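Please examine the sequence and the structure shown below. The paragraphs that follow lead through selected strands, loops and side chains in turn.

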Amino acid sequence: MIYLDYQATTPVAPEVVQATRPWAENHFANPHSPSRWGREAAAAIEVARDRVENAICLPGGSVAFTGSATEAINWALKGTIERAKGRNRIVTIATEHAAVLDSCEWLEAQGCDIIRLPVAPDGLVDLGDVKAALDERVGIVAAMLVNNEIGVIQPVAEIAEAAHEVGAFMLCDAVQGLGRVTIPLGPDLIAVSAHKIHGPKAIGALWMRQGAEPAPLIHGGGQEQGLRSGTLSPALCVGFGMAAKLAAERGRQDHDHIELLWQAAMAALGPDWIVNGSSDQRYHGNFNLRREGLDAARLISDLRDIAFSLGSACASGSGRPSHVLRALGLSDTQARSSIRLGFGRYTTEDELVDAVTRIDAAARAQQDIAA
Ligand code: PLP
């Protein structure tokens, strides 16, 4: 199989498997217990925490581990609004991940006021719209760094600056950005996920600028400085830490490899494909493409040995056209004619060119049959 679905999840790095194994196999101690074994597990978790903080690479904050980035985002939004002393307005963008949009919808049902900003046809939010939506009623602004469906990069530093001018906090969903693009200075809260950087699933983290810690969402044993209760998994934390270490060390190498793959994929594509979203403000490991008249769902089932997707894993599962592609102004038909190819560290140029050539040929064959 040729795996081209790196935005859904990434292959686990061999170094992560190796680092995780002893903690999954033998070292079963509770990292919150005072025994020697417990303290060893706690120490391994602290090394992992340092590694995740290093990969995020911003001053003045620290991370708490969570069960996923979805949890980190829920916590950041709900816990900040709880602390925001009557500032119950949230500003976000129509193309955010469901973790943000659905949390906002839930908060709306609790009485919050939600402003969902539109994007231009290139997928980028207008900074003038952001500023116009901001005043002292806003508790938090949520904007993602790299979009999971179309790969465009929002102006997060500028959004954070505008949020701070009215005294609001800023949450950045950097799940698709960590290890791929530099996380800019500015956000107060940053959500990340291990499985998007070649780490294990079911572990994420929330980076919190000192003083911006949200109220806890999960209560219990008081772990993570009383902010997020629940026994941590040393195996998952160590795996995340190793993935973060590799991301930090291999940043340049991974970036150059992805540039090479992007160029190769562009050259192999036929002329009838259009890239969805900005072509310059974009992470190049995400190739979201459409072709007039294409039945993308059929293309996927025709090419079962190539793993790629329809816009996003969530949108694909539901059968609904992607809310992101709709926000760009695409029709339902255009959204259903779009595919997402995601590649990265372990994709070879040969397999990518082979897959793109076959996708192009299968798309042309569909049109020949239809004609
Ligand atoms: N945010 C973005 C941009 C994502 O792509 C994802 C995963 O698809 C998430 C949040 C949720 O991450 P997790 O799978 O860790 O809950």
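A residue is called buried when its relative accessible area is under 20%, and exposed when that value is over 50%. The model discussed here is predicted. R89 has a relative accessible area of 14%, so this residue counts as buried. R89 is found in strand β3. Leaving aside residues up to four places away in sequence, R89 touches I81, D113, I115, D135, R137, V138, G139 and I140. R89 and A168 are 79 residues apart along the chain, and their C-alpha atoms are separated by 9.7 Å.

Strand β3 also provides a view of the local sheet arrangement. Residues 89-93 form β3 and residues 113-117 form β4, and the two strands pair in the parallel sense over five bridges. Within this pairing, V91 stands opposite I115 in β4. Between the two strands the chain passes through helix α4, residues 98-109, and the resulting β-α-β crossover is right-handed. In a regular strand, side chains alternate between the two faces of the sheet. Elsewhere, K78 lies over the face of W106, at 4.6 Å from the ring centre.

Beyond β4 the chain enters a loop that leads to α5 (127-133), and V119 lies in this loop. Is V119 buried or exposed? With a relative accessible area of 12%, V119 is buried. Its contacts, not counting residues up to four places away in sequence, are I93, T95, L124, V125, Q154, A327 and L328. The C-alpha atoms of V119 and C172 are separated by 17 Å, and these residues are 53 apart along the chain.

One of the contacts of V119 is Q154, which is found in the loop between β5 (138-144) and α6 (156-165). Q154 is buried as well, its relative accessible area being 4%. A polar atom of the Q154 side chain lies 2.9 Å from the backbone oxygen of G123. G123 is also among the residues that Q154 touches, together with I93, T95, V119, L124, V125, M144 and L145, when residues up to four places away in sequence are not counted.

A further sheet is found later in the chain. This open sheet has three strands in the order β9-β10-β12, with antiparallel pairing. Strands β9 (274-275) and β12 (338-342) stand at the edges with a single partner strand each, so one side of each has no neighbour in the sheet. Two bridges join β9 to β10, residues 286-290, and these strands run antiparallel. V275 stands opposite L289 in β10.

After β12 comes a loop that leads to α13 (349-370), and this loop holds T347. Where T347 is concerned, a relative accessibility of 2% means that the residue counts as buried. T347 touches Y3, L4, Y6, H257, L261 and L352, not counting residues up to four places away in sequence. T347 and P11 are 336 residues apart in sequence, yet 10.0 Å apart in space, C-alpha to C-alpha.

Two of these contacts, Y3 and Y6, introduce the aromatic side chains. How many aromatic pairs does the model contain? The count comes to five. Y3 and Y6 form a tilted pair, with 5.7 Å from centre to centre and 45° between the planes. Y6 is buried, with a relative accessible area of 3%. F28 and W37 form an edge-to-face pair, at 5.7 Å centre to centre and 85° between the planes. F28 counts as exposed at 66% relative accessibility, and W37 counts as exposed at 51%. Ring pairs also link W262, F287 and F343 into a cluster.

Two further loop residues deserve attention for their backbone geometry. C57 is not a glycine but has a positive phi of about 60°. The place of C57 is in the loop between α2 (36-56) and β2 (61-66), and at 57% relative accessibility C57 counts as exposed. Q225, likewise not a glycine, has a positive phi of about 60°. Q225 is found in the loop between β8 (204-209) and α7 (234-249). Its relative accessible area of 77% makes Q225 exposed.

Definitions and conventions:
Residues numbered from 1 in each chain as written. Predicted model: local features only at pLDDT ≥ 70, side-chain atom pairs only at ≥ 80, totals over all residues. Heavy atoms only, no water. Pairing = 2+ DSSP bridges. Helix = DSSP H or I, 4+ residues; strand = E, 2+ residues; numbered from the N terminus. Buried < 20%, exposed > 50% of the residue type's maximum accessible area, 1.4 Å probe, protein only. Polar contact = N/O pair within 3.5 Å; in protein donor to acceptor, adjacent residues only side chain to side chain. Contact = heavy atoms within 4.5 Å. Phe/Tyr/Trp six-rings, centres within 6.5 Å; stacked < 30°, edge-to-face > 60°. Lys NZ or Arg CZ within 6 Å of the ring centre and 35° of its normal. Right-handed = clockwise from strand over helix to strand, strands pointing away.
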